[in-house]
Amino acid sequence: MGVTACGALCGRHRQLLLLLARGFCSGFRRFSAEGETHFGFQTVSEAEKGEKVYQVFESVAKKYDVMNDSMSLGIHRLWKDILLHQMNPYPGTQLLDVAGGTGDIAFRFINYIRSQRERQVQQKLRSHQNLSWQEILKSYQEGEQKSLGGSHVVVCDINKEMLTVGKQKACHLGYSEGLSWVVGNAEELPFNDDKFDIYTIAFGIRNVTLIDQALKEAYRVLKPGGRFLCLEFSQVNNPLISRIYDLYSFQIIPVLGEIIAGDWKSYQYLVESIRRFPAQEEFKEMIEDTGFLKVEYRNVSSGIVAIHSGFKL
Ligand SMILES: C[S@@+](CC[C@H](N)C(=O)[O-])C[C@H]1O[C@@H](n2cnc3c(N)ncnc32)[C@H](O)[C@@H]1O
């Protein structure tokens with residue numbers, strides 16, 4: 001068979017796979033056999049999925065950040081910034097970032113709180129017109145000492161290797177105050193009830209085997225009034241962008257994975273897992289079913305990602 005014919009067949013094959021994945025995605029989720037789930041496009045046992053996901057992130061940990069930048073052309077940074085703006089945390093906020101990996105959300109949270117604190121100090125100084133130079137200096141020093149105003153972020157992830165890379169990054173970038181790292185499973189969080197003001201999970205929930213269970217845990221550890229925020233790949237709502245995105249995902253991303261990280265399979269899983277994750281409305285219903293109120297979502301980049309938000313009221 002000539003190269004062109006083979007390419008056409010492979011292309012049609014892939015399209016068929018995509019259609020199958022899309023069409024039956026929610027069906028599989030609701031009607032898969034007891035104890036079975038999916039790992040990308042494969043059907044596996046629940047125990048197997050946990051192990052396989054662990055292996056993926058163990059394998060990609062060291063190259064995770066560089067791959068994130070190359071695959072998304074840096075756009076993941078923008079998506080994470082948008083999440084932080086939506087969160088709009090205040091000094092004193094207690095954040096739990098689940099599936100926090102190498103700490104991107106945590107570092108953004110700390111930066112955000114620091115800038116809020118700086119603004120507070122400046123506002124205070126502006127409102128007192130006749131301060132001496134010593135008084136101004138003292139205010140700045142106090143502001144620096146309590147630069148996070150009691151805020152704290154816990155990065156929780158099931159994968160030790162991802163956390164190790166995150167801790168090294170924190171050390172290198174100078175983040176230490178108000179930050180801790182905990183190994184833990186989103187389905188069984190090692191925290192007391194009603195502990196956090198905000199729970200975030202960014203690009204993590206689609207990797208979790210029992211999503212309903214993870215949502216219940218999110219609800220349990222949030223304080224009444226607390227907020228759930230999830231940033232995740234979702235369903236593209238523009239047909240043209242959708243076609244380009246599919247082409248990019250299936251043809252380019254695994255190749256990049258092979259070239260940069262020597263790991264085709266992990267990046268193939270990444271692309272497939274995105275297609276298997278429930279679409280915006282279905283995921284919204286799942287969050288509501290957990291008991292969260294005022295649940296809403298916003299699409300970003302034509303739905304390539306969506307941010308779901310809900311409150312424990
Ligand atoms: C794609 S990374 C996202 C990392 C980080 N949140 C970010 O946005 O860069 C997915 C993370 O989910 C973690 N993960 C997968 N299953 C998990 C589970 N059941 N509980 C906690 N973390 C999990 C993986 O170890 C990995 O670090």
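In the UniProt record, an unreviewed entry, the annotation "binding site" covers T102, D157, N185 and A186. The positions are examined here in a predicted model. One of the annotated residues, D157, is found in strand 4, a strand that spans residues 152–157. D157 has 24 C-beta neighbours inside 10 Å and therefore counts as buried, the threshold for that class being 20 or more. Apart from neighbours within four places in sequence, the contacts of D157 comprise A99, G100, G101, M162, L163 and V183.

A second annotated residue, N185, is located in the loop that links strand 5 and strand 6; these strands cover residues 179–183 and 196–202, respectively. N185 counts as partly exposed because 19 C-beta atoms lie inside 10 Å, whereas a buried residue requires 20 or more.

The ligand is surrounded by 20 residues, and the closest of these are A99, G101, N159, A186 and A202. Among them, A186 also falls under the "binding site" annotation of the UniProt entry, while A99 and G101 are also contacts of D157. By class, the shell around the ligand consists of 11 nonpolar, 6 polar and 3 charged residues. At least two residues of this shell are supplied by helix 2 (46–60), and at least two by helix 5.

Helix 5 comprises 24 residues, from 104 to 127. The distance from its first C-alpha to its last is 35 Å, close to the 34 Å expected at 1.5 Å a residue. The buried residues in this helix are D104, I105, A106, R108, F109, I110, Y112 and I113. The elements covering them include helix 4 (75–87) and strand 3 (94–98), together with strand 4, strand 5 and strand 6. Strand 4, which contains D157, thus contributes to the cover of the buried residues of helix 5.

On the N-terminal side of strand 4, the loop between helix 6 (133–145) and this strand contains G150. G150 has 11 C-beta neighbours inside 10 Å and so counts as exposed, given that the limit for exposed residues is 12 or fewer. When residues up to four places away in sequence are not counted, G150 touches P91 and G92. The C-alpha atoms of G150 and T93 are separated by 7.4 Å, although the two residues are 57 residues apart along the chain.

Methods:
Residues numbered from 1 in each chain as written. Predicted model: local features only at pLDDT ≥ 70, side-chain atom pairs only at ≥ 80, totals over all residues. Helix = DSSP H or I, 4+ residues; strand = E, 2+ residues; numbered from the N terminus. Expected span 1.5 Å × (residues − 1). Contact = placed C-beta atoms within 7 Å. UniProt positions renumbered as here; feature names shortened; annotations may be inferred. Near = placed C-beta within 6 Å. Nonpolar A, V, L, I, M, F, W, Y, C, P; charged D, E, K, R; others polar.
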